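User: I'd like to learn how to read a structure like this one, feature by feature. Can you walk me through it?

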Amino acid sequence: MRLEHQYAIDLQWTGNRGTGTSGYKDYGRDHVISAEGKHPLEGSADRAFFGDRDRWNPEELLLAALSQCHMLSYLAEAARAGVVVVGYADAATGTMEQTANGGGHFTEAVLHPRVTVADPAQRELAAALHGPASEKCFIAASVNFPVRHEPELLTLA
């Protein structure tokens with residue numbers, strides 16, 4: 001059975017400084033991303049592309065989506081396997097290559113999940129669950145670059 005899920009966001013450019021896009025350096029990259037019932041996200045371009053470093057940029061949001069999706073898939077796999085996870089953090093990194101025509105693409109993302117499990121005897125199983133979690137992550141399955149995992153497993157005892 002195939003299920004479809006629909007998603008919708010609104011994006012509003014707020015970077016018009018009075019002259020629109022009259023020149024490449026003349027407009028702001030600021031924008032607001034919103035969705036029904038959620039707090040708005042303030043976005044911009046990366047600082048390298050004349051954006052505001054205090055706002056989220058699309059590259060960070062892509063990396064955050066990969067990290068968040070893997071975590072949610074991993075926690076579900078752990079619950080199904082009977083592994084009690086009591087802590088999870090990630091310090092994800094990504095590499096984007098800019099091309100000569102002004103475009104670019106991500107060449108890889110590396111997730112560094114730091115997982116704490118309650119039972120030391122489940123460390124191996126907990127480590128092995130990253131594979132199935134990665135296979136089930138909708139976001140990772142949708143990108144055309146490798147998403148690697150370098151997990152660290154900790155235990156309470």
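**Reading the model**

Analyst: Sure, let's start with the largest pocket: strand 2 and helix 1 each supply at least two residues of its lining. Keep in mind that this is a predicted model.

User: How do I read a pocket, and what volume does the largest one have here?

Analyst: The general idea is that a probe the size of a water molecule, rolled over the atoms, reveals where empty space remains. In this model the largest pocket comes out at about 930 Å³.

User: Which residues lie nearest the centre of the largest pocket?

Analyst: Those are Y7, I9, A65, Q68 and I139, out of a lining of 20 residues. Helix 1 gives the largest share of that lining, with seven residues.

User: Next, the sheet. What is the order of its strands, and how do they pair?

Analyst: This is an open sheet of three strands, ordered 1-2-3, and the pairing is antiparallel. Strand 1 (10–13) and strand 3 (41–43) are the edges, each pairing on one side only. On average, neighbouring strands are turned by 25° against each other, with direction ignored.

User: How many bridges hold each pair together?

Analyst: Four bridges join strand 1 to strand 2, and three join strand 2 (residues 31–34) to strand 3. You can follow V32 across the sheet: Q12 stands opposite V32, and in strand 3 the bridge partner of V32 is E42. H31, also in strand 2, stands opposite G43 in strand 3.

User: How do I read the two faces of a strand?

Analyst: In a regular strand, side chains alternate between the two faces of the sheet. Take strand 2: H31 and I33 make up its covered face, while V32 and S34 are on the uncovered one.

User: What connects strand 2 and strand 3, and which residue in the turn has a positive phi?

Analyst: The two strands form a hairpin with six residues between them, and G37 in the turn has a positive phi of about 80°.

User: What about a positive phi at a residue that is not a glycine?

Analyst: Look at F50, whose phi is positive at about 70°. F50 belongs to the loop between strand 3 and helix 1. With a relative accessibility of 37%, F50 counts as partly exposed.

User: S44 is in that loop too. Is S44 buried or exposed?

Analyst: The cut-off for buried is under 20% relative accessible area. S44 has 1%, so S44 is buried.

User: What surrounds S44?

Analyst: Setting aside neighbours within four places in sequence, the contacts of S44 are R29, D30, H31, G51, D52, R55, W56, N57 and P58. With D30 there's also a polar contact between the side chains, at 3.2 Å.

User: Let's finish with helix 1. Where does M71 lie, and how accessible is M71?

Analyst: M71 lies in helix 1, which covers residues 58–81. Partly exposed is the class between the 20% and 50% cut-offs. M71 has a relative accessible area of 25%, so M71 is partly exposed.

User: And how do I compare separation along the chain with separation in space, say for M71 and H105?

Analyst: Put the two numbers side by side. M71 and H105 are 34 residues apart along the chain, and their C-alpha atoms are separated by 24 Å.

Note on methods:
Residues are numbered from 1 along each chain as its sequence is written. Side-chain values use heavy atoms; hydrogens and water are left out. Two strands pair if DSSP finds at least two bridges between them. Axes are lines fitted to C-alpha atoms, for helices over the stretch in contact, and angles run from 0 to 180 degrees between N-to-C directions. Buried means under 20% relative accessible area, exposed over 50%, partly exposed in between (1.4 Å probe, protein chains only). A polar contact is a pair of N or O atoms within 3.5 Å; within protein, one must be able to donate a hydrogen and the other to accept it, and residues adjacent in sequence count only if both atoms are side-chain atoms. Contact means heavy atoms within 4.5 Å. On a 1 Å grid over the protein atoms alone, a cavity is a set of points where a 1.4 Å probe fits but cannot get out, and a pocket is an open set with protein on both sides within 12 Å along at least five of seven lines; lining residues have an atom within 4 Å of a point. Grid points are joined across faces, edges and corners, and a volume is the space filled by probe spheres set on the points.
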